[in-house]
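Please open the model in your viewer and keep the selection tool at hand, since this tour moves from one selection to the next and says what is to be found at each stop.

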Amino acid sequence: MNTSDDALLVIGSGLRVYREYLVRSAHARARTHGLDLILLNNLEPTWQRDYFDDFVVANLFDHDILMAKGREIARRRSIVGLLCWDEPLVQPAADLADELGVPGLSPAGVRGCRDKNRTRTVLTAAGLVQPRFALTDTVAQARAAAARIGYPVVVKPQALGASMGVVLARDERELTVAFGVAAGASTIGDAPFRDTALVEEFAVGPEISIDAAVYKGEYLPMFLARKRTGMEPYFEEVGHIVDADDPLLRDEALLRTLSDAHRELGVENGITHSEVRFTARGPLIIEINGRLGGDLIPFLGKIATGIDPGEVLVDIATGRRPTLARTRNAVAGIRFGYPEHDCVVRSVRVPEWGPGLVTAAAMVEPGAELRLPPGGYIARHSFVVCAAADPARCAEFLDAAADSVRLDGEPLEPLTAGAAFTLPAGLLDADK
């Protein structure tokens, strides 16, 4: 029981199946520091009641309302730290933390991460390996940029996550389509970044992600994931594998690049999720996100390494240097189930047991519409998580578990050209 008035403010809990493990660990860690947890959420709490001491419900996607409610909470409680792992909310969360004078990513640091054009501009000026790029707001500008850069190019929204609206274009015809997809996807993001598209050189090489804490400017890696993508020319993330002893965690060029990039972007305190490609020119940062990774990557990291990301979140948010000693040496992976075509879900069955299976879950309810790119994104009906002693065995377990998932669905007619794309309810870190 917390006998003081001190509390941590959490902005958005996220989807239960994706984030409860974080909330559970954060709750336990907060208690060890004598702190309450207060949730500012966009929906009435259900499962969250087991972990939070107080709740405020508001429309968090109206950032003025979010800020006003945060100030109200701070007037009646002593807020000593702030947590946020929901991509659309990290900027106002950083603004609020700065206003309250508590540790966290600075507003400028978050802007440097969220605005991909700014990321590219800053890192290029610092001499780090980056693709050639251009920010465009018309098809004509995009065509001219692609001609200068040279095909193939990647076209993406300026400030979205989860690879939404990211398209590979090999020629001018594909570029025209890709611009429409990327600019159209941008309409679900923050107003300053809508109706634009970043056109950039296609970076060739394997892609990884790395989650890290940054404490007083010191970059502290936690775990690294090898990414599996699909549905070309789109970049849907269909799986990840985390190896506690991945040799890339000892790659000096990679770690130096990440440390330098965080410094240049003004990230001094917080948690980040960086995506990197290994190119012929060296490690190339695709993006840095001012939050923990999604796709249950931090859960995989906990299974593989024993490092608890919920505990690290609380320590960083309260100005403490986290302990990142590895206590396990395993491999963990996740595979997401996608439909073969657009459909309305009738039912999803996942395995209850299998070699190496840690957990499996359906991610949608009957009646959910799943649309593949470009009509929709993150059209996942399920996931399976497996653990093993080595990456090859883990991949075998994931293949077997994914093959045993059963989806029953009714086909959907494709969306008409120009129609707004859709996302399944809940898959952007919110329960509805």
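In this predicted model, begin with helices α2 and α3, whose crossing is right-handed. Select residues 63-76 for α2 and residues 90-100 for α3, and you will find the two helices packed at an angle of about 35°, with their axes 10 Å apart. To see the contact itself, show the side chains of H63, L66, M67, G70, R71 and A74 on α2, together with P92, D95, L96, E99 and L100 on α3. Coloured by class, the residues of this contact divide into 6 nonpolar, 2 polar and 3 charged.

Next, select strand β12, residues 270-279, where 10 of the 10 residues are buried. In a regular strand the side chains alternate between the two faces of the sheet. Colouring β12 by face therefore gives two sets, with G270, T272, S274, V276 and F278 on one side and I271, H273, E275, R277 and T279 on the other, and every one of these residues is buried, so that both faces are covered.

With β12 still highlighted, add its partners one after the other. Strand β9, residues 207-215, pairs with β12 in the antiparallel sense over 8 bridges, and a convenient place to inspect this pairing is I208, whose bridge partner in β12 is V276. Strand β13, residues 282-289, also runs antiparallel to β12 and is joined to it by 7 bridges; here R277 can be selected together with L284, its bridge partner in β13. Following the chain from β12 into β13, you pass through a hairpin of 2 residues.

Now turn to the cysteines: how many disulfides does the model hold? The count comes to 0. Select C84 and C113 to see this for one case, since the sulfur of C113 is the nearest cysteine sulfur to that of C84 and yet lies 13 Å away. Is C84 buried or exposed? Its relative accessibility is 13%, which is under the 20% cut-off, and C84 therefore counts as buried. C343, with a relative accessible area of 3%, is likewise buried.

For the last stop, select A361, which belongs to strand β16, residues 357-362. A361 counts as buried because its relative accessibility is 15%. Leaving aside residues up to four places away in sequence, show the residues that A361 touches, namely V17, V350, H381, S382 and F383. Finally, draw a distance between the C-alpha atoms of A361 and F299, which are 62 residues apart along the chain and separated by 14 Å.

Definitions and conventions: Residues are numbered from 1 along each chain as its sequence is written. This is a predicted model: local features need pLDDT of at least 70, side-chain atom pairs count only at pLDDT 80 or more; totals for chains, interfaces and linings use all residues. Side-chain values use heavy atoms; hydrogens and water are left out. Axes are lines fitted to C-alpha atoms, for helices over the stretch in contact, and angles run from 0 to 180 degrees between N-to-C directions. Helices (H or I, at least four residues) and strands (E, at least two) are DSSP runs, numbered from the N terminus. A crossing is left-handed if the near helix is turned anticlockwise from the far one by less than a right angle, and right-handed if clockwise. Contact means heavy atoms within 4.5 Å. Ala, Val, Leu, Ile, Met, Phe, Trp, Tyr, Cys and Pro count as nonpolar, Asp, Glu, Lys and Arg as charged, and the others, Gly among them, as polar. Buried means under 20% relative accessible area, exposed over 50%, partly exposed in between (1.4 Å probe, protein chains only). Two strands pair if DSSP finds at least two bridges between them. A disulfide is a pair of cysteine sulfur atoms within 2.5 Å.
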